[in-house]
Amino acid sequence: MSQPLVGIVMGSDSDWGVMQHAARELQAFGVPHESRVVSAHRTPDLLYQYAEQAPPRGLRCIMPAPALRTSRHARRQDLRPVLGVPVPSRHLNGVDSLLSIVQMPGGIPWPPSPSARPGARNAGLFAVAMLARTDTALAGQLDAFRRAQTDKVLGLTLPEPS
C-alpha cells in the first residue's frame, strides 16, 4: 500500500466495528489509508505526536471516532480536515458523540455525519470526494459510483399494493 492519505483514528479497538465501514469505502476506491488506536484519554502524548506527524507523512484528512476528545486535540495540532464519526456508546447510544460534533465552536468547521455505520460510510465517501478534487482518476470512480446509485434507484419497481 502506498503512503496513507487518510488517517482513521479510534479511541479504542471497540470503535472498529463502526469505523471499518469508512475503511471499506476508502479501500473500494483505492484510497491509501491507515487505521490506528490513539486515545486522547489513555495516550494523549501519542495523539499529539500523531497530529504533529500527519502533515509530513502526507495525511490529507483525519477521521476520528469517537469524535469527542480525539477530534478537538487533533484540530489544535493540525490543519487537516477532520471528519468526525459519532460512534454509539454503551450508555447514551452515541448521542454524546453526535452532540460533541455538532457543538464544535465557530471557526472549526467539519461536516456532521450520521451515527454508526452510515456515518462511517459517509465520512469515507466524503474523504474520497475531497481527494477527488485533485485526482481525476478518483473523480471518475466517484462519478461512476454516484451514477450507479442513481441507476439503481431509477431501476426500482414497487410491487402492486395487496
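This passage describes the nonpolar cores of a predicted model and two helices that pack in the structure. Local features require pLDDT of at least 70, side-chain atom pairs count only at pLDDT 80 or more, and totals for chains, interfaces and linings use all residues. Residues are numbered from 1 along each chain as its sequence is written, and side-chain values use heavy atoms, without hydrogens and water.

The largest nonpolar core (buried Ala, Val, Leu, Ile, Met, Phe, Trp, Tyr and Cys residues joined through side-chain atoms within 4.5 Å) holds 26 residues. Val 6, Ile 8, Met 19, Leu 26, Val 31 and Met 63 have the most contacts inside it. At least two residues each come from β1 (6-10), α1 (16-28), β3 (61-65), α5 (116-132) and α6 (136-154). Helices (H or I, at least four residues) and strands (E, at least two) are DSSP runs, numbered from the N terminus. α5 gives the most, eight residues. Another core, of eight residues, lies apart and includes Val 38 and Ile 62.

Val 31 contacts (heavy atoms within 4.5 Å) Val 6, Leu 26, Val 128, Leu 131 and Leu 138, with residues up to four places away in sequence not counted.

In α1, the buried residues (under 20% relative accessible area, 1.4 Å probe, protein chains only) include Val 18, Met 19 and Leu 26. The buried residues of α1 pack against β1, β2 (33-37), β3 and α5. Just after α1, Gly 30 takes a positive phi of about 75°.

Buried residues of α5 include Ala 120, Val 128 and Leu 131. They pack against β1, α1, β3 and α6.

Terms used. Buried means under 20% relative accessible area, exposed over 50%, partly exposed in between (1.4 Å probe, protein chains only).
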